[in-house]
Amino acid sequence: MEQVIQVLNRMQADGIIEKFAIGGGIAAIYYLPPYNTDDVDVFFLPVLVTESGPVSLEPIYSYLEKLGYYPIKEGVLIEDWPVQFVAPFKSIQEEAILEARQVTYGNTQTLIFSAEHLAAELLRSGRPKDHSRVINLIQERKLDMRVFRNIVRRHDLADQWEDFKLRYDLED
Amino acid sequence: MRSNTIDFSKQTTEDIFRAKMERQQRLASLPFEKKIEIVNKLRAAVAGVQREKLIFESFLNVCPEFAGERIKEWDVVDKWYPNRALAPPPKPFDKRPDIMALTVSGKRIGIELKGWVNQEQIAEARERERIQDIILNAIGKQPPNETENIGYVWLSPKHVRFDVRDAADFRDQLFRLIAKVDNDWTRKPGFEQMCVGDVDRFEEFPLLGKYLHRVRFRPATRSRGTVRWIRFPDASRHYSPSEMLETLESLLLSHGRDDRYKDLKAQAGLDKVFLLIHYDFKAFAYNTPYKTPDFGFEEAATFASQVVDGDANSFDRIFLFHFLPGEEAAYEIFPDLKSLLKR
């Protein structure tokens, strides 16, 4: 994993991406007990944003190919880890990158979604396994609920949060 | 004297939930690196289960009647109990053997899978590959060979951790060394120009010295690589086919003696327990061959049968399966030695 982070850091230093932060399962594992996860979700801010069309992953893929890392399924296999690159398409994801928490893995620094942004993004994503992680984060008291509610409100997730509370019988 | 023994009869549901919560909290507070170590073990376990499924599927395809009759249904043990809403046997028998099957006549059969592989050779080869991959990544895309005198460059890496921050300078120093050797080549005496030249002192190129034992230059007059012309020496070495036969022998003997299988039939409610030894791509790719011109898979099966020598302890049948696509073959080596081919 440290080598994966080093490659990502190098990619950022070489100007291929503006900034990145790890979200998804690996970010959840940072806060929760470990569980099996297939890949590393890397949310990144592209260097150039075009006015139309989706952000191209081509610069990332060709850069990694030069380093000997090749595409696999939806991502790129880096040092035995399938890494999926996600350009933010929702304001919550962009803010999660910008306000990510700095952590150290081995001797290498990286950014990981804050617990509150991670929970809000999982709430937005809405798959059963995402909801299960949100419940885990709440139960394990990893969330500052005031910060979390603020994020939920600012990113139009209030309705989803209300549904979530009802469905899982949670108190606010 | 205080005793630490837990009386399970006095445990309440709350105790169990509290213990579970405490365990969760302990796991959640592990260092990130430790958690990822656990994730890696989980990933390997999942991959292992998928692999076991693949091997048994192929074996069943080649020998549908290996059990003396057709198989009605089967599953990897992790799925067998939950998929059928069956109560699993007590630990550790809930995870053994690797495959559970039901024959058409209703017999419950367990199959333990074991790879015929030399783990030491694999670990050595994988470590070598890993280091080579890191160095190739550092070099990046190789430019065409435009040297005058050099056909190939062979790198002998040291077993040290490569810092990716060194990659660009490493590449730069390597190509500067190649250019220097190429320039100096024609200054060597004529006969030396026909021979390989080694560089193992790297005063001007400290990063090469940090990561490489030696760089060997092969003259272009012998042969010339154009695309992948920077390489690693072939890892092949002198070997004896008996190395892999010794691995097979020790595998059979250790499984025969293994007490973990002694009560398996009774504990897991099985009628029969079989052992399926498979030779697969991992062994083919990383281990020294067992084959010689006059010794093949059939001879290996005969050898295995002689090792078992009519005494398989806990196993009712033992099979040897050659699991290479297009080259599948299988033998029963206990109780009888016979080829198992799809009829």
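Biologist: At what angle do helix H5 and helix H7 of chain A pack?
Modeller: Keep in mind that we're looking at a predicted model. H5 covers residues 115-125 of chain A and H7 covers residues 145-154. Their axes run 9 Å apart, and the packing angle is about 45°.

Biologist: Is H5(A) parallel or oblique to H7(A)?
Modeller: The angle between them is about 45°. Roughly parallel would need an angle under 35 degrees, and roughly perpendicular starts at 65. That's why H5(A) counts, relative to H7(A), as oblique.

Biologist: Which residues of H7(A) make the contact with H5(A)?
Modeller: H5(A) passes H7(A) in a right-handed crossing. On the H5(A) side, the contact is made by Glu116(A), His117(A), Ala119(A) and Ala120(A). Facing them from H7(A) are Val147(A), Phe148(A), Ile151(A) and Val152(A).

Biologist: How many residues of that contact between H5(A) and H7(A) are nonpolar?
Modeller: Start with the others: 1 is polar and 1 is charged. The charged one is Glu116(A), because Glu belongs to the charged group. The nonpolar residues number 6.

Biologist: Is helix H2 of chain A mostly covered or in the open?
Modeller: H2(A) spans residues 24-31, and 8 of its 8 residues are buried. Among them are Gly24(A), Ile26(A), Ala28(A) and Tyr31(A). So a residue here has 20 or more other C-beta atoms within 10 Å of its own. That leaves H2(A) mostly covered.

Biologist: And helix H8 of chain A: how many of its residues are buried?
Modeller: H8(A) runs over residues 158-167, which makes 10 residues. It lies largely in the open, so don't expect many. The number buried is 1.

Biologist: How far apart in space are Tyr35(A) and Gly25(A)?
Modeller: Tyr35(A) sits in the loop between H2 and strand E2 (40-46) of chain A. It has 17 other C-beta atoms within 10 Å, so it is partly exposed, while Gly25(A) is buried in H2(A). The two are 10 residues apart in sequence, and C-alpha to C-alpha they are apart by 8.6 Å.

Biologist: What is the phi of Glu79(A) near?
Modeller: Most residues other than glycine have a negative phi. Glu79(A) goes against that with a positive value. It lies in the loop between strand E4 (75-78) and strand E5 (81-86) of chain A, and its 17 C-beta neighbours inside 10 Å make it partly exposed. Its phi is near 45°.

Biologist: Which residue with a positive phi follows H8(A)?
Modeller: Look just past the end of the helix at residues 158-167 of chain A. The phi there is near 55°. The residue is Asp169(A).

Biologist: Where in chain B is Asn313(B) found?
Modeller: Asn313(B) has a positive phi too, near 50°. With 13 C-beta neighbours inside 10 Å, Asn313(B) counts as partly exposed. As for its place, it's in the loop between helix H11 (297-308) and strand E9 (317-323).

Biologist: Which residue is joined to Pro97(B) by a cis peptide bond?
Modeller: Most peptide bonds are trans. Pro97(B) lies in the loop between helix H3 (77-83) and E2 of chain B. The bond has an omega of about -15°, and the partner is Arg96(B).

Biologist: What is omega near for the peptide bond from Phe334(B) to Pro335(B)?
Modeller: Pro335(B) has its place in the loop between strand E10 (329-334) and strand E11 (338-339) of chain B. The bond leading into it is cis. Its omega is near 0°.

Biologist: Which element of chain B has the highest mean pLDDT?
Modeller: Chain B holds 11 helices and 11 strands, and it averages a pLDDT of 86. At the low end is helix H1 (residues 13-28), with a mean of 78. The highest mean, 96, belongs to strand E2 (residues 99-103).

Biologist: Which element gives the most to the side of chain B that touches chain A?
Modeller: The contact takes 18 residues from chain B and 18 residues from chain A. On the chain B side, the elements giving two or more residues are H1, helix H2 (32-62) and helix H4 (119-139). That side divides into 10 nonpolar, 3 polar and 5 charged residues. With 9 residues, the one that gives the most is H2(B).

Key
Residues are numbered from 1 along each chain as its sequence is written. Chains are lettered from A and ligands numbered from 1 in the order in which they are written. This is a predicted model: local features need pLDDT of at least 70, side-chain atom pairs count only at pLDDT 80 or more; totals for chains, interfaces and linings use all residues. Axes are lines fitted to C-alpha atoms, for helices over the stretch in contact, and angles run from 0 to 180 degrees between N-to-C directions. Helices (H or I, at least four residues) and strands (E, at least two) are DSSP runs, numbered from the N terminus. Angles under 35 degrees count as roughly parallel, over 145 as roughly antiparallel, 65 to 115 as roughly perpendicular and the rest as oblique. A crossing is left-handed if the near helix is turned anticlockwise from the far one by less than a right angle, and right-handed if clockwise. Two residues are in contact if their C-beta atoms, placed from the backbone, lie within 7 Å. A residue is buried if 20 or more other C-beta atoms lie within 10 Å of its own, exposed if 12 or fewer, and partly exposed in between; C-beta atoms are placed from the backbone. pLDDT is the predictor's confidence in each residue, from 0 to 100.
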